[in-house]
Amino acid sequence: MRKLGAETKTARYAMLIDLDRCNGCGACMVACAVENNVPPPQASATPRTGLNWLRVFRLKTGGRDAFIPVMCMQCEDETPCQSVCPQKAVEFDPVTGIVGQIPERCLGCRYCMAACPYQARVFNWRDPQWPAGMEKALNPRVSVRQRGTVEKCNFCHGRWQAALEKAAHDGEEGPVHYTPACAEACPAQAIRFGDLNDEEFAAACHEQGVFRLLDTLGTGPKVFYRTSRAEVREATRGFGEVRRG
Amino acid sequence: MIRTGILFLAGFSVAFSAGWWSMPRILYREEPQPVQFSHIAHVGEKGGMSCEDCHSFRVDGTFAGVPKLESCAGCHSAPLGETQAEKDFIARFVEPGIEPQWKIYARQPDNAWFPHSAHVQRGKVACEKCHGDIGKSDRLPVYRVHRFTGYPEDVMGKRTGPLGLKRAGGMRMDDCVACHRQNRLEHSCLDCHK
């Protein structure tokens with residue numbers, strides 16, 4: 001944690017997902033669940049009651065199917081979930097640009113879930129139950145949430161904290177570099193994680209063929225998608241488009 | 001009228017004192033440490049060791065905390081001195097190779113992230129600021145654990161209201177936040193919560 005001020009070097013962590021490379025294998029979903037102590041769904045769980053911070057959607061475009069991993073988009077401007085939370089349990093961290101969901105404060109009213117245009121938030125309906133022995137493999141860097149709270153992707157905040165601890169130990173200043181679990185696990189290397197203050201990464205996020213989901217809403221998502229297929233861009237663009245003015 | 005008042009005051013003071021005396025005993029349970037340990041005997045002129053000899057940092061920046069048995073056995077493979085506690089320690093732990101289950105006074109809740117590196121090495125916070133003068137103690141303080149939450153008293157604090165009766169070395173969220181606020185380091189809940 002650094003002091004905010006003129007000398008502060010803040011980060012704007014973002015993700016760039018190459019949809020041409022993604023083949024929908026779901027390794028990122030598994031890695032995400034393991035990293036963040038998300039319990040496996042019970043047999044009776046439905047898509048609504050099961051817990052997933054990261055979901056891979058299948059997009060049928062007529063030709064080859066496209067697969068779109070969707071997690072919290074880490075909205076930068078007018079973060080919808082933050083502005084509706086009556087508990088201030090959602091925070092936009094100015095140092096990292098990560099939208100934090102604080103289970104200690106969450107009432108479970110799920111207003112944020114209604115506000116999120118990406119349906120990226122999930123509600124914890126049950127206390128986590130682990131298959132025998134699996135609780136020994138829990139990640140000590142991430143606390144296990146209890147039922148009645150809303151959860152979401154936080155760009156593997158535990159890994160960020162670990163990197164920060166290492167940086168403090170080594171006496172390094174400035175934003176730290178780390179890799180979230182999904183980006184690390186992706187066998188096709190479709191997920192790239194970086195800092196938008198880094199010029200090379202920022203340029204990659206503004207190349208031809210890069211788009212963001214529901215860009216017209218003006219929420220400023222920091223998850224970018226790249227595809228060379230115009231039909232995929234077209235199929236996602238029409239979804240939920242809002243006319244302004 | 002006056003008699004009623006006196007009776008009420010007497011009853012109130014008896015009940016109040018009884019509650020004041022008994023509540024901490026009801027809420028907290030004392031648990032023994034596996035071995036009586038003297039910091040004074042180890043550090044300073046007497047022992048010649050520094051804090052970092054036992055409480056060290058790992059390469060990845062995490063804090064090793066309480067030393068493992070092998071660090072103790074490095075010197076205490078055979079009894080040093082004549083005390084009975086020393087002989088007991090060798091017989092109970094070192095010879096069978098059983099790790100002593102030390103009770104940690106400052107054990108934090110599962111959802112709190114506290115990096116020692118950032119505070120000690122970058123922030124230059126002295127150990128005593130949070131842990132008190134335990135490094136100068138000859139005996140381990142009594143370890144008292146909350147019966148319901150399972151957290152030690154030093155984390156929960158002894159403060160039970162606006163009276164400000166605070167034990168030195170208590171580590172509560174208020175203390176963390178106060179220090180962060182003072183140093184203009186307060187950004188986000190997720191700086192400390194995981």
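Chain A is built from seven helices and 10 strands, in a model that is predicted. The radius of gyration of chain A is 18 Å, close to the 18 Å that the globule rule gives for 245 residues, so chain A is as compact as a globular protein of that length. Chain A also meets chain B, and the area buried between the two is about 2,500 Å².

**Overall build of chain A**

- Taken along the principal axes, the box filled by the C-alpha atoms of chain A is roughly 50 × 45 × 40 Å.
- Of the 245 residues in chain A, 49% are buried.
- Among the contacts in chain A with a separation of 6 or more, 67% are between residues 24 or more positions apart.

**The interface of chain A and chain B**

- To the contact, chain A gives 28 residues and chain B gives 28 residues, and carbon and sulfur atoms supply 55% of the buried area of about 2,500 Å².
- The rule finds one salt bridge across this interface, in which the side chains of A:E173 and B:R122 meet at 3.9 Å, N to O.
- Polar contacts across the interface of chain A and chain B come to 10 residue pairs, with both residues of each pair at pLDDT 80 or more.
- On the side of chain A that touches chain B, the elements that give two or more residues are β5 (99–101) and α4 (157–170) of chain A, and the largest share, nine residues, comes from α4(A).
- By residue class, the side of chain A that touches chain B divides into 11 nonpolar, six polar and 11 charged residues.

**Two loop residues with positive phi**

- A:K88, although it is not a glycine, has a positive phi of about 55 degrees, and the place of A:K88 is in the loop between α2 (80–84) and β4 (90–92) of chain A.
- The relative accessibility of A:K88 is 62%, which is over the 50% cut-off, and A:K88 therefore counts as exposed.
- A:L214 likewise is not a glycine and has a positive phi, here of about 50 degrees, and A:L214 lies in the loop between β9 (210–211) and β10 (223–226) of chain A.
- The relative accessibility of A:L214 is 10%, which is under the 20% cut-off, so A:L214 counts as buried.

Terms used. Residues are numbered from 1 along each chain as its sequence is written. Chains are lettered from A and ligands numbered from 1 in the order in which they are written. This is a predicted model: local features need pLDDT of at least 70, side-chain atom pairs count only at pLDDT 80 or more; totals for chains, interfaces and linings use all residues. Side-chain values use heavy atoms; hydrogens and water are left out. Contact means heavy atoms within 4.5 Å. Buried area is the accessible area (1.4 Å probe) that two parts lose on being put together, summed over both. A salt bridge is a side-chain nitrogen of Lys or Arg within 4 Å of a carboxyl oxygen of Asp or Glu. A polar contact is a pair of N or O atoms within 3.5 Å; within protein, one must be able to donate a hydrogen and the other to accept it, and residues adjacent in sequence count only if both atoms are side-chain atoms. Helices (H or I, at least four residues) and strands (E, at least two) are DSSP runs, numbered from the N terminus. Ala, Val, Leu, Ile, Met, Phe, Trp, Tyr, Cys and Pro count as nonpolar, Asp, Glu, Lys and Arg as charged, and the others, Gly among them, as polar. The radius of gyration is taken over C-alpha atoms; the globule rule is 2.2 Å times the number of residues to the power 0.38. Buried means under 20% relative accessible area, exposed over 50%, partly exposed in between (1.4 Å probe, protein chains only).
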